[in-house]
Structures are given as C-alpha cells and as structure tokens.
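Take a look at the sequence and the 3D structure. The paragraphs below walk through the fold step by step.

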Amino acid sequence: AFMPDDIKEKIHNHPCYSEGAHHHYARIHVAVAPACNIQCNYCNRKYDCSNESRPGVTSERLSPEEAAKKVLLVGGEVQRMSVLGIAGPGDALANPGKTFETFGLVRQFAPDLKLCLSTNGLELATYIDEMVEHNIDHITVTINSVDESGEIGSQIYPWIFYNNKRIYGKEAAQILLERQLEGMKKCVEKGILIKANSVLIPGINDKHLPEVSKKLKEIGVFLHNIMPILSEPEFGTRFALDGVPSATDQQQMEVQEACGMDMKLMQHCRQCRADAVGLIGEDRGAEFTKDTFAGLS
Ligand code: SF4
Ligand code: SF4
C-alpha cells in the first residue's frame, strides 16, 4: 500500500485506522458541538452530523465540563481507551470554544489520550494554531467534491455560513472547497494526520469521486473513506425528499475500486455516532448518559 512508515507508526494503536488496533483500543466521542456552519442536502439537523453517523441517531448534548467528566468515568470503566473524538452532533470547528475547552480540560487528567476531531473543513485553516497547541493528531474531513466550478458542490450544499454571511450556490461550494484544501494542506504541513470521508451520492458525485481521491492523495491525505449515502424518506433530508436513492453496496464497491482504495484500511471509522463509546463496531454510548456522571466533580 501507499502508506509511509511514519504514518503507520502514528496509527498503529488508533482504533479507527488500524485493523490490528480496532479490536483492542477503544475510542470515546463526546457530543459537545451542536452548531454547524454549512448545510448538506444529506443532513437532517435533528440528528447527528452524517459525517460519521447514521441518520436517525441523536446524541446527548454535553457541556465541556460534562464531557470531561464523561471521559473520566468512561476511562475508568472501558479498557484501553486511546482516542477522544469530537464528531458533532454538528461540526467540531463551528463550535471552537466548546471543542477546544473540552480538549483542554481532558488534557489535564489524560495527557496520553489521542485527540481527534471531524469537520466539514470550512474552518479548518482558521484553527490550525489551536489544533497544534492542543496536540490534535487526527482529523477527519468530509469532502464530497473537488470540482472548482462549484457545479457538483452546489447540488450537495445549498449554503455555507462564512465570514458572518450566508453564501449560496456555486460560490458557496467554491469557497468550501478552497477552504477544505487550504485547511488540509496546513494540517499536513503541521504533521496532523488527515483522513477524508466522501459521501457517495448516486447521480451527483459517484463518477467524480475518483478525482476527489486523486486530489486527496496529492495533498497528503493518508486515507480516503467512501460512505454510501443513506437516503430513506423517513430521514427527511433534502436528498431523500428529492428522491435521491440510498447508495447500494455494489455502487460503493465500484466507486472504491475506481478510486483505487486499499480495502483493508477502509472499513473502520464508520457509523460512529457523536457520543459513541468503546471498540469500533461496538457502541456502549447508552451506558454513559449524563446521569451516570452527574455526581462527579
Ligand atoms: Fe449536517 Fe454535518 Fe453537513 Fe453540518 S457538516 S450540515 S452537521 S452533515
Ligand atoms: Fe475520530 Fe472517527 Fe475514530 Fe471517532 S471514529 S475517534 S471521529 S477517527
């Protein structure tokens, strides 16, 4: 595979990236980031960000202090907790105060925990210094198009909120793409590992995803995941209402092949709700609700 040794070294005990590690090391997500700064047509804001989650799932919102307590409690109960991730329920970097306050609090008692966040990338470049300061070493960016005209992106994102303005259409898609690329490049320069997710949306970006993959490799993104869109009418997303179908396993396999992906590395970080706890594929999030750590101080 294309993975250099220094990256292999960094991910060997990361449950989300390493086949060997995902049976042994656990991760925890804390849902401290409710707001989002873009609109995706596959998102239903009532539920978690589809970056990492099944639609239809809602996570219990936590303050940074509650989140720190949860990490403390879970760290005592779940074996070999190695990663703390902030993956929504909105966008980690649309809630920078809460996100970095949480990381700062947790650092004080769990200095060895790897920190990770997932984002749509709009504000990635803005917070590069904070990420370095908090020693974030893994970032997941959801990027669905690298089409500079904004034609494809504008079918996926009706608007973004940027520089205190709501921006629509192709212009919004162009800005989002520029900002994603700039942010990812900066992360690579700073040695922060970047993984990318793309949502496979049949009829919209399916043919285009190999180009996305190529661009990501050029930038130095170490792993690209294809997430098949889940688009059932009951999710109430724009795409579902417009009749865009869910992606099939067959479509996913074809696209992964067209993108030249290393299947062994592909399968781990998925369907991961914003308050997930435990090994990948296992979710003990429901055991650790606010009630279970309300008494901690
Ligand atoms: Fe929803 Fe996530 Fe898209 Fe924001 S980035 S609109 S939370 S799917
Ligand atoms: Fe980070 Fe994704 Fe792993 Fe969660 S599942 S810890 S967001 S890489």
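Start at a single loop. Asn-164 sits in the loop between strand 6 and strand 7. Its backbone is unusual for a residue that is not a glycine: Asn-164 has a positive phi of about 65°. Is Asn-164 buried or exposed? Asn-164 counts as exposed, because 5 C-beta neighbours lie inside 10 Å; the cut-off for exposed is 12 or fewer. Asn-163 belongs to the loop between strand 6 and strand 7 as well. Asn-163 is not a glycine either, yet its phi is positive, near 50°. Asn-163 has 7 C-beta neighbours inside 10 Å, so Asn-163 counts as exposed.

Before going further, remember that this is a predicted model. How confident is the predictor in the chain? The pLDDT averages 86, and 87% of the residues score at least 70. Confidence is highest in helix 5 (residues 151–156), at a mean of 98. Confidence is lowest in helix 10 (residues 263–266), where the mean is 54. Where pLDDT is low, the predicted coordinates should not be read in detail. For the model, ipTM is 0.91 and pTM is 0.89.

Now step back to the whole chain. It holds 11 helices and 10 strands. There are 297 residues, and buried residues make up 48% of them. Look also at the contacts with a separation of 6 or more: 74% of them join residues 24 or more positions apart.

Return to strands 6 and 7. They belong to an open sheet of 3 strands, in the order 2-6-7, with antiparallel pairing. Why is one side of strand 2 (38–39) left without a neighbour in the sheet? Strand 2 stands at an edge and has a single partner strand, so one side stays free of a neighbour. The reasoning is the same for strand 7 (165–168), at the other edge. Strand 2 pairs with strand 6 (residues 159–162) in the antiparallel sense, over 2 bridges. Across this pairing, Gln-39 of strand 2 stands opposite Trp-159 in strand 6. Helix 6 (residues 169–189) packs on this sheet. Helix 6 touches strand 2, strand 6 and strand 7, and its direction makes about 110° with that of strand 7.

Next comes another sheet. Here 7 strands form an open sheet in the order 9-8-5-4-3-1-10. The pairing is mixed. Which strands stand at the edges? They are strand 9 (223–228) and strand 10 (277–278), and each pairs on one side only. Strands of a sheet pair through backbone hydrogen bonds, either parallel or antiparallel.

Look inside this sheet. Strand 3 (residues 81–86) and strand 4 (residues 114–119) pair in the parallel sense over 4 bridges. Leu-84 stands opposite Leu-115 in strand 4. Helix 2 (residues 64–77) lies across three strands: strand 1 (26–29), strand 3 and strand 10. Helix 2 runs at about 155° to strand 3.

Finish with a loop that follows strand 3. Pro-89 is found in the loop between strand 3 and helix 3 (96–109). What is the form of the peptide bond from Gly-88 to Pro-89? That peptide bond is cis, and its omega is near 15°.

Key: Residues are numbered from 1 along each chain as its sequence is written. Chains are lettered from A and ligands numbered from 1 in the order in which they are written. This is a predicted model: local features need pLDDT of at least 70, side-chain atom pairs count only at pLDDT 80 or more; totals for chains, interfaces and linings use all residues. Two strands pair if DSSP finds at least two bridges between them. Two residues are in contact if their C-beta atoms, placed from the backbone, lie within 7 Å. Axes are lines fitted to C-alpha atoms, for helices over the stretch in contact, and angles run from 0 to 180 degrees between N-to-C directions. A residue is buried if 20 or more other C-beta atoms lie within 10 Å of its own, exposed if 12 or fewer, and partly exposed in between; C-beta atoms are placed from the backbone. pLDDT is the predictor's confidence in each residue, from 0 to 100.
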